[in-house]
Amino acid sequence: MRLSRVHRLLLAPALAILVALLVAPIVLMAVESFRPYIPGRVGSGAGWTLFNYAELISPAYAFYFWDTFRIGFIVSVLAVLLGVPIAWHAARTRRHAVRVFIFGLLIGLLFLSLIAKLYAIQMTWGASGPLTFFGRLIGIPVSSPRYAEVQVFIGLLHFVLPVATLMLIGTFQNINPQLELAAESLGAPRYDVASTITLPLAMPGLLAAFMICFAMCISNFVVPLILGRGVVLFTTNLMYTRFSDVANYPSGAAIGIVMLVLALGVVYALTVLVRTLFAEDLRP
Amino acid sequence: MTQHGLELDRVVKRFGDHVAVDEASLVVAGGEIVALLGPSGCGKTTTLRLIAGFEKLDGGRIEIAGKSVLGQPPFQRQIGLLFQDYALFPHMSVAQNIDYGMRKHAVPAAERDERRRTLLRLVRLEGLEQRRPSALSGGQQQRVALARALAISPKLLLLDEPLSNLDAKLRETLRVELREILRSVGMTSLIVTHDQLEAIALADRIALMNNGHIAQIGTGREIYEEPATRFVAEFIGQSLWFTGKLEPRHEAGHARFRCDDGNGFVVVPPTGDTSRDHGLAIRPEHVHIRPRPGDLNRIPVDVARVEFYGSELIVHCRVVGSDRMISIPVRSDDPHIPEAGTRAELGVAPERCRVIEDDYRRGVAS
Amino acid sequence: MKGASGTRGSPAFVATPAMPAAANWRAAADSLSGALFWLIPAIVVVFLLLPILVAVFLSFDDRDYLGAFPPTAFSLRWYRSFFDNPAYLQGLVTSIELALLSTAVSLVAGTAAAIALAGTRWRGRHGLEALFLSPRLVPTVVIGFSILGFASALHIFDAFTRLVMGHVIITIPFTIRAALASLVGIRRNLVEAATSLGASPWQAFLDVTLPLAKTGIIAGGLLAFVLSFDEVAVSLFLADAFNQTLPIVLVAEMRTNLNLTVAAIATAFTALTVVIVVFLDRTVGLDNVIGKGLYGR
């Protein structure tokens, strides 16, 4: 069945935008990443090189990738774990007020400016905020540079937790609530119902939420920028400094391509994982 | 039986301002099958959830096999639950589903296997142990659900609309099978349903529920022939209803009922309480197109329409001097079928005129 | 039919299993785990709301330095300081203009694409849909960086144009997805009913499809606007000294002198968000924004 003329006309603008503003620029960037960098000169040199990529394997840069992935991984696991109870209650409660409250809260947090949240976090957990005792609690003094990582954790959590929770609400809504009741009637206390029935059935959704959170975390720029205090830098920030401080366009391009491949790779890998592990269980 | 299988004593459950269960009382003998029948919204599902422990009691008492369930969480009540959509665990095989309850009750592996085999034989599903629920038909899923519930040797079986998810043909076959299985296992059972046929076919006794209150309990026959309230009379079978007042005089074993539109009926004196709102209920099939001996009540009518339905006809009549329509069934081979437009005289015996409580104005009528 | 071998009236198997001896601790664990499952969400909600509440509080702080919490004297000085700062005001204007223009382009192109995707049975439509949603998977720094290079190659040196390019591409997946979700939910036979009553396809679209899809379109537009307004990475790459969005100005100012103006800005954003959420609930209903799933009542 072919695409009608009307439909082709309707699709044209969006398609043009996509090609012109996404595909072409990225292709250009890919090309640039193979060009050599000439310090002091605007624009890249002629010829092809793999140097920009080889550079990234060295320990100095690997460190950035490791930091980004490590922090992203921990935050994503936490976001999914902490989102489960909220999402389950939102999906199961029969009280309209509770459901609307949770929905409103999550949607509000999605709409609320991330920058506003980040500065609010800085004011709250920072040196003069009301939660400075938290630093003492975990043994990292608020003034030490290591505390910046704590704040980055908190900032990223604020960023991805609402998204994870919203996805998980959908997951729990699509699990038959009577399965949990059946398990209880058969003699399982609620913690047992959770581990033998609810969580196994929710696993594809949990993995999907984790994957989205992880992709969001490793691609994030603002949180390390504002809360990282120069101590915590993600590959995104590295890309920016490569370009803004040193005008090393090819190197920035190489980092960009690597980040793109990684972000897409994460999504692809987890999609395949979910599909192979859970194909049989996904039918209701 | 010394203890009752299940006893509900003035059970109350409120959701905010709405009283879902309003002093419902019911006794089910050990081994008996009772149906809790009523229209949607009458509180029967809430009652089931209260018994299972998924809702907290606001008042009254529930006892299973003589022991109160107060304070017991659902997982300790040992009740077998059959859900309307079976609720089989999709990530487990049939065998694993049936084993689940036994595992939670720490039944040793050898005994588990033995019981599982016995149960699968009982529900006629041997050989399907390794299948997943999604690979089973509706009828098969229901039987697995039954086996799973029976596996924990429950003290009580609760069935929530067990046949409503099946198509009509399957429903008929499974109705018979289900009753056979329940009887052979001898389990105290409470079936919650809105389907009269299901209730009559499966249960020993029926409890009719309306607006959170149990209107009447009895066998299918008792409820049909001697409905206690208007709701019962109109929910089971059909009923003609006349508003009015019972006159205080009684003569020769009969009483009189004066309708609001002026007509009077000779009726049997009611046995129930008539201090509340009451009225007169007559089943259309007890009204005769031509008065027979014993039909002390005569109603002059104009025949408006006669409809043909195969083995029977429905004759629609208008009561002379009023707007009231009465429609009665008549056998097609009855020799006295009137013509439309003629005048006729309907007859009905006092024994078929029951003065009963009008519970329509109690709460919201359904 | 043949039933089990048990005698009539007694169960087919004899022994009733006793609950494991540790029944009491299981009941206690059941209650405890139930309580925890309520406590954790409560703590998380507090965790998420606390910084916002602190910021709102601090925005009214009368002190002119970042002092210890809680403030003792209150005033509107920080709100005034925002309006007294020409850089902020210019940033605000730029951000609003940029967001409005980007959202408009994104909405028009995106809704048109969504209409085509929803209305066709073409085999390739799923692939096309994935393609349209793909910008979401691309890190925003990559988008900013790549468009900068691309714009230079095309000799587009106007910063505002570049900014619009960047903001359109990051918002279009959201407008498409929101419009698509709404359009897919419209039953085909409604349009057929309209055409059978004499409406031309165009009229049927205007009279039936568009009004029913408007909730999705509005939600998509709102999301696009907020997204554009809040965007930092793309803007940092594509802006110049004369076209700075509010987030860029904010980050720069807070670098040099961190003060409570940002608290006032945060409070203003929070108030705006509350308005948006209430608006969404009144028009669409939050229940419908999230959906009810397979088993919703």
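This is a short tour of a predicted model, going from chain A and its contact with chain C to a helix, the domains and one residue of chain B.

**Chain A**

Let's start with the overall build. Chain A has twelve helices and zero strands, so if you walk along from the N terminus you meet one α element after another. Its C-alpha atoms fill a box of roughly 75 × 65 × 35 Å, taken along the principal axes. Of the 284 residues in chain A, 51% count as buried. If you take the contacts in chain A between residues at least 6 apart in sequence, 71% of them join residues at least 24 apart.

How confident is the predictor here? Chain A averages a pLDDT of 88, and 96% of the residues score at least 70. Going element by element, helix H8 (residues 177-185) of chain A has the highest mean pLDDT, at 95, while helix H6 (residues 133-138) of chain A has the lowest, at 76.

**Where chain A meets chain C**

The contact between these two takes 71 residues from chain A and 81 residues from chain C. On the chain A side, the largest share comes from helix H1 (residues 5-33) of chain A, with 15 residues. What classes of residue make up that side of chain A? The split is 51 nonpolar, 17 polar and three charged.

**A helix in chain B**

Now over to chain B and its helix H3 (residues 109-122). How far apart are the end C-alpha atoms of this helix? They are 20 Å apart, and that agrees with expectation, because 14 residues at 1.5 Å a residue should span 20 Å. The buried residues in H3(B) are B:Arg115, B:Arg116, B:Leu119, B:Leu120 and B:Leu122. They cover an arc of only 150 degrees around the axis, which means they sit on the same side of H3(B). As for partners, the buried residues of H3(B) pack against three helices of chain B: helix H2 (94-104), helix H4 (138-150) and helix H5 (168-185). Just after H3(B), have a look at B:Arg124, which takes a positive phi of about 60 degrees.

**The two domains of chain B**

The domain assignment splits chain B into domain 1 (4-225) and domain 2 (230-357). Their C-alpha centres lie 39 Å apart. The contact between them takes seven residues from domain 1 of chain B and five residues from domain 2 of chain B. On the domain 1 side, strand E9 (205-210), strand E10 (213-218) and helix H7 (220-225) of chain B each supply at least two residues. By class, that side of domain 1 has four nonpolar, three polar and no charged residues.

Here are the two sides described by class, next to each other.

| Side | Nonpolar | Polar | Charged |
|---|---|---|---|
| Chain A, touching chain C | 51 residues | 17 residues | three residues |
| Domain 1 of chain B, touching domain 2 of chain B | four residues | three residues | no residues |

**A closer look at B:Asp9**

Last stop: B:Asp9, which is found in strand E1 (residues 4-15) of chain B. Why does B:Asp9 count as partly exposed? Because 15 other C-beta atoms lie within 10 Å, and partly exposed covers the counts between 12 and 20. Leaving out residues up to four places away in sequence, B:Asp9 touches B:Ser25, B:Gly60 and B:Arg61. B:Arg61 is 52 residues away from B:Asp9 along the chain, yet their C-alpha atoms are separated by 5.1 Å.

Technical notes: Residues are numbered from 1 along each chain as its sequence is written. Chains are lettered from A and ligands numbered from 1 in the order in which they are written. This is a predicted model: local features need pLDDT of at least 70, side-chain atom pairs count only at pLDDT 80 or more; totals for chains, interfaces and linings use all residues. Helices (H or I, at least four residues) and strands (E, at least two) are DSSP runs, numbered from the N terminus. Ala, Val, Leu, Ile, Met, Phe, Trp, Tyr, Cys and Pro count as nonpolar, Asp, Glu, Lys and Arg as charged, and the others, Gly among them, as polar. pLDDT is the predictor's confidence in each residue, from 0 to 100. The expected span of a helix is 1.5 Å times one less than its number of residues. The arc is that of the directions from the helix axis to the C-beta atoms. Domain bounds come from an automatic or database domain assignment.
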